[in-house]
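Dear colleague,

Please find the structure below, followed by my notes on how its chains meet.

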2 protein chains.
Amino acid sequence: MSSLPSFADVQAAARRLEGITIKTPLLENDRVNARLGGRLFIKAECLQRTGSFKLRGAYNFLASMSDVDRQKGVVGWSSGNHAQGLAEAARLMGIKATIVMPADAPALKVANTRASGAEVVLYDRVKDSREKIGLGIAQQTGATVVPPYDHPWILTGQGTAGLELAEQAKALGVTLDAVAAPCSGGGLATGVALGVHGVSPSTTVHAGEPAGFDDMTHSLAAGAKRRNEKLSGSICDALLAPEPGDVTFPLAQKVLGPGVVVSDEEVLDAMEVAFREYKIVVEPGGAVALAAALTGKLPVKDRNVAVVCSGGNVDHATFVRALSRYKS
Amino acid sequence: MSSLPSFADVQAAARRLEGITIKTPLLENDRVNARLGGRLFIKAECLQRTGSFKLRGAYNFLASMSDVDRQKGVVGWSSGNHAQGLAEAARLMGIKATIVMPADAPALKVANTRASGAEVVLYDRVKDSREKIGLGIAQQTGATVVPPYDHPWILTGQGTAGLELAEQAKALGVTLDAVAAPCSGGGLATGVALGVHGVSPSTTVHAGEPAGFDDMTHSLAAGAKRRNEKLSGSICDALLAPEPGDVTFPLAQKVLGPGVVVSDEEVLDAMEVAFREYKIVVEPGGAVALAAALTGKLPVKDRNVAVVCSGGNVDHATFVRALSRYKS
């Protein structure tokens, strides 16, 4: 693909993923709707195989590779969910996978990546370059680098979540005013926008980001890529990419509305609401778009809004911390 | 209905529930399957509107009433989930509802029942008779008593969860060897059996119960109704009915296999697995069938097994207690 990825590419990805990914439900809660004065839908991608949407992009990438390349294996780097998605996609297709993960990634994510049969190489998030380590492995072994977000095959795979949610809303007779999805490098947000717009062109799609790691929001406002000042320090461990991608940003400028930014405290509150009202387990990075809707930063009043809750791979201690914010 | 409820009654209920209840997903986890050596499917009814399967039976009951009776309102008694399901069904149909609830029911369940617009009357689980209080209200107001389980309209409504799960398994090309559902008075378990057998006659259906409150298991083994010795004392607050119902038991003898019984500790462990692997919030009573599968009491090895996780209305403290059982 030399031009920008299109809705047709998302549809092709959806055909590749048939029987592999599950059609996650679109959840709604009568009490939350009454409180917000509109209809809020949650696309519960935390219920996806591997506990996040990442299997979609990874499997679509591997299914698009040549047979010759597949035999040499794949290598990837990830704060966790891409690692699990890639490792499981590789297992499903019988491909050898090596995953470069930060040493401070949640223990569950590391263990689960190993459980899928992948080789895990740990690195120091501050001192080392995960790109350098991953590229070194690729050079030595001939393995193909599977990037976490900045590739058409990845983002159109993630976009199948947007296609599904738009079709699910349509089946309910609902025209969505807005959709928001968590954003790190922009693969999910841009892919979801492609998928949603193919079914519902009038829907505005927003990237949700944690405060201080809102590079996409700043970049869209500035009309050029902007970098985060910090590399770590948010509870949203899945959303720490330093800047939008070279593939995702030009697409984001075309398909995304303004970004929405939330604090770590708002994210924890959203996780608690997801537990209490929707009965789903959402990790911090997976809850930023929901937090934007619950706080009114993404208005729901008199509107139909859908948010992607993109993952549920959260450590027990962090989840207990979120639950402790509930005042009965 | 003078004869036993049938699969056709479940199909009729499913038509009444279209657009009201959501088709909850059938979840599967690759790691758990690998550990158990078979395929385990979870019918995630905790994701149902009102946080449990109870809306199915309650709405089916109200939709089957005469217009004249609906105008006089409804009254019900419940440890919580039937209360929420009945209150919400009544709200959706514009019917006045009065709910008799135990004073020691989880605070969330009481609050949520009130949030649906129902009038809540609290009683003492040890000293008072909820039946007497509820029947008194019915006599005074002409309201119709909506029982929690012991009525054909209720159990065939609950059975739509079984019909759905059997159809979802069939769509995956899977023939289910066994299905288990949590059991209090037997409405869900017998209804699910009707629904499952209509699609998959060879599947064995089991009632899951907490130890000490395993009246259905004992009754099936004895061939006659047996009563629990205790009225309270299990973490499974939703499963404390003292004995099988007069409608459900004759049906249970026809459609259920032997019961499966689990301890409170096994239930807490199952809730933790539901959190960690399936990313769903399951309440104690909702997790008994899952606990039976995870402990091997309901064998999964070399089989295809589905369990209903019937509700997710759990207090924060109980959920934290379940999470604390995880040893990393």
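For the comparison of the two chains, copies are superposed by least squares on the C-alpha atoms of residues with pLDDT of at least 70 in both. This is a predicted model, in which local features need pLDDT of at least 70 and side-chain atom pairs count only at pLDDT 80 or more, while totals for chains, interfaces and linings use all residues. Residues are numbered from 1 along each chain as its sequence is written, chains are lettered from A and ligands numbered from 1 in the order in which they are written, and side-chain values use heavy atoms, with hydrogens and water left out.

A turn of 180 degrees with a shift of 0.0 Å along the axis lays chain B on chain A with an RMSD of 0.0 Å. The two copies are therefore related as by a two-fold rotation axis. Within chain B, the residue that comes closest to this axis is B:I280, at 2.3 Å (C-alpha).

Chain B and chain A each bring 30 residues to the contact (heavy atoms within 4.5 Å). Because 100% of the interface residues of chain B are also interface residues in chain A, the copies meet through the same surface. About 2,600 Å² is buried between the chains, with 66% of that area given by carbon and sulfur atoms; buried area is the accessible area (1.4 Å probe) that two parts lose on being put together, summed over both.

Four salt bridges cross the interface (a side-chain nitrogen of Lys or Arg within 4 Å of a carboxyl oxygen of Asp or Glu), and one salt bridge joins the side chains of A:D30 and B:R91 (3.8 Å, N to O).

With best regards
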